[in-house]
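Dear colleague,

I am handing over the structure we spoke about, and I would be grateful if you could look through it with the notes below at hand.

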Amino acid sequence: MVEELVAAGAAVASAGVVYVMAGARVVKQYERGVVFRLGRLKSQVRGPGFTMIVPFVDRMRKVNLQIVTMPVPAQDGITRDNVTVRVDAVIYFKVIDAAEAVVQVEDYRFAVSQMAQTSLRSIIGKSDLDDLLSNREKLNQGLELMIDSPAVGWGVQIDRVEIKDVSLPETMKRSMARQAEADRERRARVINADAELQASKKLAEAAHVMSDEPAALQLRLLQTVVAVAAEKNSTLVLPFPVELLRFLERAQQNLPPAPAPTAAPVQGSGTETSAQQQAALEERPEQSELDTP
């Protein structure tokens, strides 16, 4: 009799241990337990630690409250300025209400992913290419608002949305590269022209000073000779001052004109001069006859 009682007690104890083991649950620190009793949601969400449920009556589903990092697949779209782009992003979200995340939506991860893809395509169509490339912070905020609006009813909070990469066609990349190169060249020319203007002003001031003080030009010439000689060249190029040429030119213009040559006076009477001319005229035909063959 006693043995039967002991065996029955052992069986009851074993059944109790199995029952307790079947109803024992451990919820981790970053999880919450949502309990359904006969299909009805229990209002109390089980916190972290050891908890018990009624076996075969209660069913507990654990929900992770950690921040989830979900990549959004790349989406092809056409921007507002008719440029074909391919944009991908990443979304950070977490569950703030475990019961709503289980009851209101079948799979909150899949729902958030689909909403993110739809919102990303919508943002692409409403934005210009320049906004996608340079004004991403504003687009990230707009994308976050578009995803967060329906996600609040699912017990999900969107922490942040970031656009990772914008892929452009090769032709558009070459066009943008040419545009950037042309802009850089324009800026270089403007800077060079500004430098030339400033240098010309300084040179004009220096020229005025040198014109007032001629010795300054000579000092500048000596400084140039010293600078050239410091290079230890075998050939020394010595600049010739233009002012010296102008001085010589002015000196040449100020010289008095040379006197014109005068004919020597002819001595003798007019009769002797006429006789000499007659003799010269008689000798010329003879000389011409000798010259002819």
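What follows is a short account of confidence, the main nonpolar core, and one small sheet with an acidic residue in it.

Please keep in mind that this is a predicted model. The mean pLDDT of the chain is 80, with 81% of its residues at 70 or more, although the confidence varies between elements: strand 7 has the highest mean value, 92, whereas helix 9, covering residues 270-291, has the lowest, 48. Over residues 263-274 the pLDDT is below 50, and apart from near neighbours in sequence this stretch has one contact in the model. Residues 285-293 also stay under 50, and for them the model has zero contacts beyond four places in sequence. I would therefore read nothing into the placement of either stretch.

Turning to the interior, the largest nonpolar core holds 36 residues, and those touching the most other members are Val 85, Ile 91, Phe 93, Tyr 108, Val 156 and Ile 158. At least two residues each come from strand 6 (68-78), strand 7 (84-95), strand 8 (156-167), helix 2 (98-103), helix 3 (108-126), helix 4 (129-134) and helix 5 (136-151), and helix 3 gives the most, with seven residues. Val 156 may serve as an example from this core: leaving out neighbours within four places in sequence, Val 156 is in contact with Phe 93, Lys 94, Val 95, Ile 96, Tyr 108, Val 112, Asp 148 and Ala 151.

The sheet I mentioned is an open one of three strands, ordered 3-2-5 with antiparallel pairing, in which strand 3 (40-41) and strand 5 are the edge strands, each pairing on one side only. Strand 2, residues 31-37, pairs with strand 5 over seven bridges in the antiparallel sense, and within strand 5 it is Met 60 that stands opposite Val 35.

Strand 5 spans residues 58-64 and includes Asp 58. Is Asp 58 buried or exposed? Its relative accessible area is 8%, and because the cut-off for burial is under 20%, Asp 58 counts as buried. What does the side chain of Asp 58 make a polar contact with? The partner is the side chain of Arg 37, at 2.6 Å. Not counting residues up to four places away in sequence, Asp 58 touches Arg 37 together with Val 35, Phe 36 and Ile 53.

With best wishes

Terms used. Residues numbered from 1 in each chain as written. Heavy atoms only, no water. Core = buried A, V, L, I, M, F, W, Y, C linked by side-chain atoms within 4.5 Å. Buried < 20%, exposed > 50% of the residue type's maximum accessible area, 1.4 Å probe, protein only. Helix = DSSP H or I, 4+ residues; strand = E, 2+ residues; numbered from the N terminus. Contact = heavy atoms within 4.5 Å. pLDDT = per-residue confidence, 0-100. Polar contact = N/O pair within 3.5 Å; in protein donor to acceptor, adjacent residues only side chain to side chain. Pairing = 2+ DSSP bridges.
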